[in-house]
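Reader: Hi there! Please take a close look at one part for me, the nonpolar packing, and then walk me outward to whatever else deserves attention.

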Amino acid sequence: MATLSVCQPQFGGFSFENCKRNALLQGELTKLGCSVPAARKTGTTIVGVVFKDGVVLGADTRATEGMVVADKNCSKIHYISPNIYCCGAGTAADTEMTTQIISSNLELHALSTGRLPRVATANRMLKQMLFRYQGYIGAALVLGGVDCNGPHLYSIYPHGSTDKLPYVTMGSGSLAAMAVFEDRYVPNMEEADAKSLVRDAIAAGIFNDLGSGSNIDLCVITKGKVDYLRPHDEANKKGVRTGDYKYKRGTTAVLTKSMTPLDLEVVDETVQTMDTS
Amino acid sequence: MFVIQNKLRSVNSVYTKMAAVSAMGFSQHLSSNDFAPDWTSREVSTGTTIMAVEFDGGVVMGADSRTTTGAYIANRVTDKLTPIHDRIFCCRSGSAADTQAIADAVTYQLGFHSIELDEPPLIQTAANLFKDMCYRYREELMAGIIVAGWDKRRGGQVYTVPVGGMLTRQPVSVGGSGSSYIYGYVDSNFKTGMTKEECLRFTAGAISLAMERDGSSGGVVRMAVISEEGVERQVILGNELPKFSTV
């Protein structure tokens, strides 16, 4: 139960010192006509669904930087613990680092308790961290896993609020994906049905949302087993060119040929071996 | 015990009174993305209608089930009646993140206090813990909470802690953006000495009317009855809601 003392210098936490400098730089750059480099965001469609024996998590694989696709095949389903995985939408760096920090802390916690970690524990750790940063960490997460109390699925928002639900969607394509879920979700589905439902929901996001695209990754978590299917469905394969710009030798006729030998100096050649022991 | 650090306020942050307009969170400090619609960057808020009523022997609490981010309904089956202790619940309205964090902190503090006392805690104690947190961090928080339950000393009690951190005990209390539409109904229909069943009908009717008129409230009606015997929870689905007009 620590309280922050006014006199002590702040250690840890977010340093706001650069915010003034950034604001000044932004002003300067706009005067010159350039723009501040944008943080890479995962436009994203991420979903999760609880079925009879576990949870299925799904994600697209497009990462955007403004209007340009920065990564055509990025991995949005992050490892938290052997029985818990987390999809991340929002700022790519934030989701990556947040999930890694909680994964590390959860491993230490599991070693301390001597038990397999619970999804509720990961949820608590994530929500308390995101709330502490008051929404400045732009990570919207879908957390799913199977523990001793069965399968669980949580959606976690950047400000630190969470919802425990049987099916969730997040990201810019979440509305398209939610439409599929609201139509076809039934409780206690079989694994094959759940996988097909998640695949269709992500596909809806990919084809109807500009910020989502490329392939569909799936992660099926059941008691004692995790199937990380990357890619599960290559929904957007790069097309094969039908024509060719190469011409056969002899297409262009040779009219004249002249050879000019170049005077080259031979420079000393030495080999220095590196100590690689 | 979590620590709330002073943060740089965004110039666009807006405080709105819970009673008048549906409260929205502060605009988020992320780079604007042409793809991302409004609701991906808005804070999650429980638009809400919440209510609690005392009767002889306990309390009846009710709430709607809608959580919104901007114009999108993030969760249509939210449970806004959060247990704080065995016979103490709270209704949450305002920012979802703020109220969840406060409720978690108070649950911890009250559990600790109850173990120290070796007795069930008083509702007044729980309400004061909420008030302390909501008043101390009033600039950073957006939370309107109704605390209610049953204890041995004073029976059924309802305490309200609105935005700003005031604390007051009331026989009946309403909160959230939808409450403005039902003050008339509540003031005219509440009588002291109602039975448990009358309170249940009163609460269900009030929440349904608010859900009908307030865009930020909807879904199902969740109710909880807290008495010496324990807690009874019930849900009224959309098609079973009490009807007030045949138009």
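Author: Happy to! Contact here means heavy atoms within 4.5 Å. This is a predicted model, in which local features need pLDDT of at least 70 and side-chain atom pairs count only at pLDDT 80 or more, while totals for chains, interfaces and linings use all residues. Residues are numbered from 1 along each chain as its sequence is written, chains are lettered from A and ligands numbered from 1 in the order in which they are written, and side-chain values use heavy atoms, with hydrogens and water left out.

Let's start with F130(B). Leaving aside its neighbours within four places in sequence, F130(B) is in contact with I84(B), C90(B), I102(B), A103(B), V106(B), I145(B), V147(B) and V161(B). Several of these names return in the largest nonpolar core, a set of 24 residues. A core of this kind collects buried Ala, Val, Leu, Ile, Met, Phe, Trp, Tyr and Cys residues joined through side-chain atoms within 4.5 Å. Buried means under 20% relative accessible area, exposed means over 50%, and partly exposed lies in between (1.4 Å probe, protein chains only). Which residues have the most contacts inside the core? They are I84(B), I88(B), C90(B), I102(B), F130(B), I145(B) and V147(B).

Two or more core residues come from each of these elements of chain B: β7 (88–95), α1 (96–117), α2 (123–136), β8 (143–151) and β9 (155–161). The biggest share is that of α1(B), with seven residues. Helices (H or I, at least four residues) and strands (E, at least two) are DSSP runs, numbered from the N terminus. As a general background, nonpolar side chains tend to be buried together in soluble globular proteins.

Just outside that picture, the loop between α1 and α2 of chain B holds D118(B). With a relative accessible area of 70%, D118(B) is exposed, and its phi is positive, about 60°, although it is not a glycine. Most residues other than glycine have a negative phi, and most peptide bonds are trans.

Further along chain B, helix α4 (residues 196–213) carries L209(B). At 25% relative accessibility, L209(B) counts as partly exposed. Not counting residues up to four places away in sequence, L209(B) touches I182(B), Y185(B) and F244(B). L241(B) is 32 residues away from L209(B) in sequence, with a C-alpha to C-alpha distance of 9.6 Å.

Stepping back, chain B has four helices and 13 strands, and 54% of its 247 residues count as buried. Where its contacts join residues at least 6 apart in sequence, 63% of them link residues at least 24 apart. Its accessible surface comes to about 11,200 Å², with 51% belonging to carbon and sulfur atoms; such areas come from the Shrake-Rupley method with a 1.4 Å probe, and for residues only the protein chains shown count as cover.

Now for chain A, which has five helices and 13 strands. Its radius of gyration is 26 Å, well over the 19 Å that the globule rule gives for 277 residues, so chain A is more spread out than a compact globule. That radius is taken over C-alpha atoms, and the rule is 2.2 Å times the number of residues to the power 0.38. The C-alpha trace of chain A spans about 85 × 60 × 55 Å along its principal axes, and 43% of the chain's residues are buried.

Some places in chain A are worth a visit too. M189(A) sits in the loop between α4 (174–184) and α5 (191–208) and counts as buried, at 6% relative accessibility. M189(A) touches V49(A), F51(A), K52(A), A194(A) and L197(A), leaving out residues up to four places away in sequence. Its partner F51(A) is 138 residues away along the chain, yet their C-alpha atoms are separated by 4.9 Å.

For backbone geometry, look at Q134(A), in the loop between α3 (119–132) and β8 (139–147) of chain A. Q134(A) has a positive phi of about 50° without being a glycine, and it is buried, with a relative accessible area of 11%. Finally, R230(A) and P231(A) are joined by a cis peptide bond, with omega about -5°, and P231(A) belongs to strand β13 (residues 225–233) of chain A.
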